[in-house]
Amino acid sequence: VCGADRACALCQCVWLYLIISLIMIPAMFGFSLGISETYMTILMKILEWATVKIQKANLDVELKASASNGLIQREDGSMEKELGELRRSRPKPPVGGDFTLSDCFYFSRKGIESIVEDEVTQRFTSEELVSWNLLTRTNNDFQYISVKLTLVYGLGIFVRYCILAPLRLTLALIGLSWLVIGTSTVGLLPNSRIKSWLSEWVHVMCYRICARGLSAAICYHNRENKPKKGGICVANHTSPIDIVILCNDSCYAMVGQIHGGLMGILQRAMVRSCPHVWFERAEMKDRHLVTKRLKDHVNDKTKLPILIFPEGTCVNNTSVMMFKKGSFEIGATIYPVAIKYDPKFGDAFWNSSKYSMVSYLLRMMTSWALVCNVWYLPAMHQQEGEDAVQFANRVKSVIAHQGGLIDLQWDGGLKRAKVKETFKEQQQKKYSSMVVGDDSSSNSD
Amino acid sequence: MGSRASTLLREEEIEEIKKETGFSHSQITRLYSRFTSLDKGENGTLSREDFQRIPELAINPLGDRIINAFFPEGEDQVNFRGFMRTLAHFRPIEDNEKNKNYSGDFIAFRLYDLDRDDKISRDELLQVLRMMVGVNISDEQLGSIADRTIQEADTNGDNSISFNEFIKVLEKVDVEQKMSIRFLH
């Protein structure tokens with residue numbers, strides 16, 4: 001019995017030393033031992049093999065390679081063009097307004113097209129994969145194909161849930177607690193260059209540990225464009241993990257509402273070591289106050305660049321939705337960043353209506369890995385004669401173009417809110433001008 | 001693999017829908033995926049609210065009328081079969097199946113004929129016109145447009161438009177091309 005006890009204690013010691021030396025120390029000092037690279041290479045080979053196997057077995061079913069293509073082909077003609085064609089068959093009446101019974105065809109077809117397939121609602125659910133990636137959650141249609149595939153799938157479950165998940169959980173906990181302890185300690189120092197340097201080092205180190213806690217493989221491109229102090233960094237938003245991804249490489253000041261509970265402890269600790277912009281819930285409603293505080297932060301050139309996600313909500317990383325103009329009115333230099341996740345290794349999108357934060361993080365920890373690309377784009381400034389909305393759209397299209405995402409004008413807030421009536425009124429106005437001409441207020445009879 | 005919906009839709013059902021509506025197998029499975037993604041309540045039927053959650057449909061001036069086309073008289077829920085039957089009206093008809101039950105002009109007629117009495121009355125026409133133009137045209141002008149439209153179409157003098165009169169007005173318009181949706185694969 002004594003021997004078994006000692007063996008147990010020894011095991012635990014070894015396990016802890018292994019974690020520290022193989023994972024934490026490289027994470028803290030930013031170098032890599034190549035373990036995760038090997039894991040990723042093996043994983044890629046397995047997924048490729050699985051795809052080939054599945055495709056061979058499904059020769060009679062049409063390939064879902066066209067999953068990213070639409071179900072229908074849309075007519076993208078303008079209202080004027082379409083109605084003009086519909087009305088071609090009859091002469092324009094001399095008085096009384098140009099209306100014909102076939103006018104409704106335009107609206108009904110557009111309506112049915114949007115019922116079959118629309119640009120907005122699909123952005124709030126996870127992206128459909130072209131081929132299965134051996135995770136239960138992406139396939140509710142599991143058909144038995146071969147013994148080997150099932151074995152690999154079963155092995156995958158064991159590896160992910162019993163080996164990787166506990167490991168990742170440990171790392172995440174270590175990372176977060178170290179963040180709280182480290183920043184509070186640094187916060188005790190008087191303000192000086194050393195304090196800022198230490199604070200940055202503590203932040204980056206803890207985020208690196210957290211990133212290892214998610215098996216994140218991040219590739220940064222164009223690092224010469226990294227955001228500098230006194231600027232605002234804007235990026236597309238897929239999940240809260242975006243923060244970990246970006247903070248692995250550089251230090252940012254966060255903006256947000258102060259929460260209670262664990263989140264609040266984290267926020268209060270962080271602000272002790274370097275200035276972040278936290279708001280009380282009531283303050284967030286006051287737009288002038290928000291703008292003023294952001295402006296003050298940005299004008300102080302010793303403070304870190306602010307990180308903002310102008311979409312205001314998480315979308316599924318296939319598109320970029322409307323950017324809220326608030327951050328673009330401040331007049332600071334904007335550093336756009338594009339983040340694109342590879343869905344093969346795990347779905348990074350947080351569907352907040354379906355999963356709570358905790359279950360989302362657990363799902364992340366039981367995925368294969370988190371693979372993403374981050375592109376730093378050149379700094380942008382508001383140009384002469386350009387208002388905040390146009391500037392925001394310009395930045396948005398640059399990000400969308402780089403990340404290979406679709407650039408949408410729709411508001412991410414449509415996830416929860418109804419669309420504004422003004423859009424319908426715009427359509428009605430446009431149609432009216434086609435019926436009575438532009439002077440719709442006159443009585444031409 | 002990967003379509004979560006196809007396990008819940010049995011092969012026999014797909015075959016029946018295929019025979020009834022003419023959609024292909026893959027089109028039916030993809031439309032079933034779409035149906036389930038719209039079905040937020042996950043009870044196998046769609047309500048009017050489920051449709052109105054589509055922003056592009058919500059801003060369509062005739063959005064409510066189009067949604068109505070899916071619901072049988074007096075009902076508030078539509079199942080997948082009903083969904084497919086309505087969509088079938090918008091599938092381009094191949095030459096060898098001129099099936100009058102599924103044609104674009106029938107749906108268009110229904111858009112105007114709110115009370116489904118197979119006649120478009122002046123009031124019904126006015127209502128639809130009002131939906132399409134919003135507040136931008138006066139009542140009198142709208143009234144005269146409606147009167148003129150009925151006058152042109154009405155051949156039997158009952159001051160309303162029947163389905164046959166409706167078709168006659170539209171005979172020069174290529175209904176198939178204008179109302180049908182180009183489904184891929």
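This is a short talk on a predicted model with chains A and B, covering chain A, then chain B.

Some conventions. Residues are numbered from 1 along each chain as its sequence is written, chains are lettered from A and ligands numbered from 1 in the order in which they are written. As the model is predicted, local features need pLDDT of at least 70 and side-chain atom pairs count only at pLDDT 80 or more, while totals for chains, interfaces and linings use all residues; side-chain values use heavy atoms, with hydrogens and water left out.

I start with chain A. It has 13 helices and 10 strands. These are DSSP runs, H or I over at least four residues for helices and E over at least two for strands, numbered from the N terminus. Chain A has 445 residues, and 47% of them count as buried. Buried means under 20% relative accessible area, exposed means over 50%, and partly exposed is in between, with a 1.4 Å probe and protein chains only. The exposed area of chain A is about 22,400 Å², with carbon and sulfur atoms supplying 61% of it. That area comes from the Shrake-Rupley method with a 1.4 Å probe; for residues, only the protein chains shown count as cover.

Now contacts, meaning heavy atoms within 4.5 Å. Taking the contacts in chain A with a separation of 6 or more, 77% are between residues 24 or more positions apart.

Two residues of chain A serve as examples. A:Arg168 is in helix α5, residues 147-187. Is A:Arg168 buried or exposed? At 1% relative accessibility, A:Arg168 is buried. Leaving aside neighbours within four places in sequence, A:Arg168 has contacts that include A:Tyr39, A:Arg212, A:Met364 and A:Trp368. That tryptophan comes up again: the charged end of A:Arg160 sits over the ring of A:Trp368, 5.2 Å from its centre. For a charge to sit over a ring, NZ of Lys or CZ of Arg must be within 6 Å of the ring centre and within 35 degrees of the ring normal.

The second example is A:Ala338, in strand β8, residues 334-341. A:Ala338 has 0% relative accessibility and counts as buried. Not counting residues up to four places away in sequence, A:Ala338 touches, among them, A:Asn236, A:Trp375, A:Ile399 and A:Gly403. The C-alpha atoms of A:Ala338 and A:Gln73 are separated by 29 Å, and these residues are 265 apart along the chain.

On annotation, an unreviewed UniProt entry places "domain: Phospholipid/glycerol acyltransferase" at residues 231-342 of chain A. UniProt positions are in the numbering used here, feature names are shortened, and annotations may be inferred rather than shown by experiment. That span is 34% helix and 22% strand, with its end C-alpha atoms 29 Å apart.

On to chain B. The domain assignment gives domain 1 as 12-89 and domain 2 as 103-172; such bounds come from an automatic or database domain assignment. The C-alpha centres of the two domains of chain B lie 26 Å apart. Across them, 12 residues of domain 1 are in contact with 12 residues of domain 2.

UniProt, again from an unreviewed entry, puts "domain: EF-hand" at residues 26-61, 108-135 and 141-176 of chain B. Residues 108-135 are 61% helix and 7% strand, with end C-alpha atoms 23 Å apart. Residues 141-176 are 61% helix and 6% strand, and there the end C-alpha atoms are 31 Å apart.

Why is helix α6 of chain B, residues 80-88, largely enclosed by the rest of the structure? Because seven of its nine residues are buried. Among them are B:Phe80, B:Phe83 and B:Leu87.

Last, aromatic pairs. The whole structure has 22 over all chains. Rings of Phe, Tyr and Trp (its six-membered ring) pair if their centres lie within 6.5 Å; planes under 30 degrees apart count as stacked, over 60 as edge-to-face and the rest as tilted. B:Tyr32 and B:Phe80 make an edge-to-face pair, 4.8 Å centre to centre with 80° between the planes. This pair links distant parts of the chain, with B:Tyr32 in helix α2 and B:Phe80 in helix α6, 48 residues apart. Both are buried: B:Tyr32 at 11% relative accessible area, B:Phe80 at 5%. B:Phe51 and B:Phe71 are also edge-to-face, at 5.9 Å and 75°. B:Phe51 is in helix α3, and B:Phe71 is in the loop between α5 and β2, 20 residues apart. Ring pairs link these four residues with B:Phe35, B:Phe70 and B:Phe83 into a cluster.
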